[in-house]
Every structure is written in structure tokens, then in C-alpha cells.
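Please find below my note on the model you sent, set out as numbered points so that each can be checked against the coordinates.

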Amino acid sequence: MKIFNRHDRVIPVDKDTLGSVLNTLSSPEDALWPRENWPPMVLDQGLRVGAAGGHSLVKYRVAEYVPGHRVVFQFDPQGLMDGVDGRHFFEVVPRRADVIIRHDLEGNCNLGMWLRWNFLVRPLHDTLIEDAFDKVESRFRGTVVKRSHWGPWVRFLRWMVRRRRAEAAAREQGTSK
């Protein structure tokens, strides 16, 4: 089954300025990833082709990087996206007087993974990406035209993830003593 998910936002700056934000991904000065409210994006070699990492339970590696324009992440066959043969990417797209920042996620998977994506992963993913674009928009506009919304399902899923992490940490502490 196919998965395709697109988010984009028009930002009123030139492509080089917006591209410089893309170049900060996974760095201590990350101006795109919303690590204030979400697990940070961590890459073992920084933002370069071949770097491995991810965010929380989502694992991937950098498959392509064109500074200031595009970064493509190929999903690893482990973690939350295990079962998806695919990728996700950010890109900066010039459009008349403005510029679009875009995030696409695409892949192929079986029915079980498709259901997990649609009911568990996608709501969190959509909210995270919109929070990222809010962060960028706020940086350049000083405000956000339409702020992302954390609905009840997203709040519940985030609570479940925190609970599972706490349980796993408690189990690990119990076995390490």
C-alpha cells in the first residue's frame, strides 16, 4: 500500500534565507525542528549524506543533501517506521515573490503498517511538521498565521508514548541494579 503525506507553508522571505534554516537541521542552532515540544532530530555525523539517526522511535539516514535546497532521509528498517520502504524530505521551493518550505513523506508498506501509520503515526507526524513550520513562520513573520492544533487524539498518543518510555526506563533500571 502507498503512503503519501505533504505539508507546505509559504514563507515571505527569499530562498537563500529560508534555505539557511534548512541547513540547521539537527544542529544545536536548529531553526526548523520543533525540539522545544518534540524529541530532537539527532544525526550521528551532522547533516551530511550517510549520517544516521532520527527522532524518537523514527530511524533514518541522510540519502541526499543539497544545502539550502533539499534534504532527503531514507527510513531504516527498524523503529516506528519498520515496514515502510520509503523516505521523507524537506525542501525549499521558490514561488514568485515568496518561498515554500515543504515536507513530503512517501513509501510503500503492508496493510498492518498502513493502519499503524494512519491511526498512530500520522496524527503525531502531522502535528510535529506543522509545529516545525510554525517555528519557521514565527521566525520570519514574528507571528503565525494559523497555529497548529494538538487535538485530543494527539495529546492521548503523546501521553501513551511518555508512559511507555517511563515503563521502559523503569524496567531498564531494575535490570541494571
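The points that follow take up the sheet, the first helix, the core, the salt bridges and two residues of one strand.

1. The model is a predicted one, and the points below should be read with that in mind. Its strands give a clear starting place: seven of them form an open sheet in the order β1-β7-β6-β5-β4-β3-β2, with antiparallel pairing. The edges of this sheet are β1 and β2 (42–43), each of which pairs on one side only.

2. At the β2 edge, two bridges join β2 to strand β3 (residues 52–55), and the two strands run antiparallel. Within this pairing, V42 has G54 of β3 as its bridge partner.

3. Helix α1 (residues 15–22) has L18, G19, V21 and L22 as its buried residues. These residues are on the same side of α1, because the arc that they cover around the axis is only 150 degrees. A general property of helices is in keeping with this: an α-helix has 3.6 residues a turn, so residues three or four places apart point the same way. The buried residues of α1 pack against strands β1, β5 (70–79), β6 and β7, and also against helix α2.

4. The N-terminal end of α1 is capped by D14, which places a side-chain oxygen 3.1 Å from the backbone nitrogen of D16.

5. The largest nonpolar core comprises 42 residues, and those with the most contacts inside it are L25, L32, V71, F73, M81 and F90. At least two residues of this core come from each of β1, α1, β4 (58–66), β5, β6, β7, α2 and α3, while the greatest contribution, nine residues, is that of α2. For V71, the contacts beyond four places in sequence are with L22, L25, L47, V62, E64, Y65, H88, F89 and F90.

6. How many salt bridges does a search of the whole structure find? The search returns 15. One of them is formed by E130 and R9, whose closest N and O atoms are 2.7 Å apart. Since E130 lies in helix α2 (residues 111–141) and R9 in strand β1 (residues 2–11), the pair ties together parts that are 121 residues apart in sequence. The partners are not alike in their surroundings: E130 is partly exposed at 22% relative accessibility, whereas R9 is buried, with a relative accessible area of 10%.

7. A salt bridge also forms between E106 and R87, where the closest N and O atoms are 2.6 Å apart. This pair links distant parts of the chain, with E106 in strand β7 (residues 98–108) and R87 in strand β6 (residues 85–95), 19 residues apart. E106 counts as partly exposed at 24% relative accessibility, and R87 counts as partly exposed at 25%.

8. The salt bridge between E167 and R163, with closest N and O atoms 3.3 Å apart, lies inside a single element. The two residues are four apart in helix α3 (residues 152–176), so about one helical turn separates them. Both ends are partly exposed, E167 having a relative accessible area of 35% and R163 one of 41%. Elsewhere, salt bridges that share partners join D8, E64, R70, E91 and R102 into one network.

9. Strand β6 contains D85 as well as V92; is each of them buried or exposed? D85 is exposed, since its relative accessible area of 56% is over the 50% cut-off. V92, by contrast, is buried, because its relative accessibility of 2% is under the 20% limit.

10. The surroundings of these two residues can be traced further. Leaving aside neighbours within four places in sequence, D85 is in contact with Q74, G107 and N108; its C-alpha atom is separated by 8.5 Å from that of E106, which is 21 residues away along the chain. With neighbours within four places again left aside, V92 is in contact with K15, L18, G19, L22, G68, H69, V99 and I100. Among these partners, L18, G19 and L22 are also buried residues of α1. The C-alpha atoms of V92 and D16 are separated by 9.0 Å, with their positions 76 residues apart along the chain.

Methods:
Residues numbered from 1 in each chain as written. Predicted model: local features only at pLDDT ≥ 70, side-chain atom pairs only at ≥ 80, totals over all residues. Heavy atoms only, no water. Salt bridge = Lys/Arg side-chain N within 4 Å of Asp/Glu carboxyl O. Buried < 20%, exposed > 50% of the residue type's maximum accessible area, 1.4 Å probe, protein only. Arc of directions from axis to C-beta. Contact = heavy atoms within 4.5 Å. Polar contact = N/O pair within 3.5 Å; in protein donor to acceptor, adjacent residues only side chain to side chain. Core = buried A, V, L, I, M, F, W, Y, C linked by side-chain atoms within 4.5 Å. Pairing = 2+ DSSP bridges.
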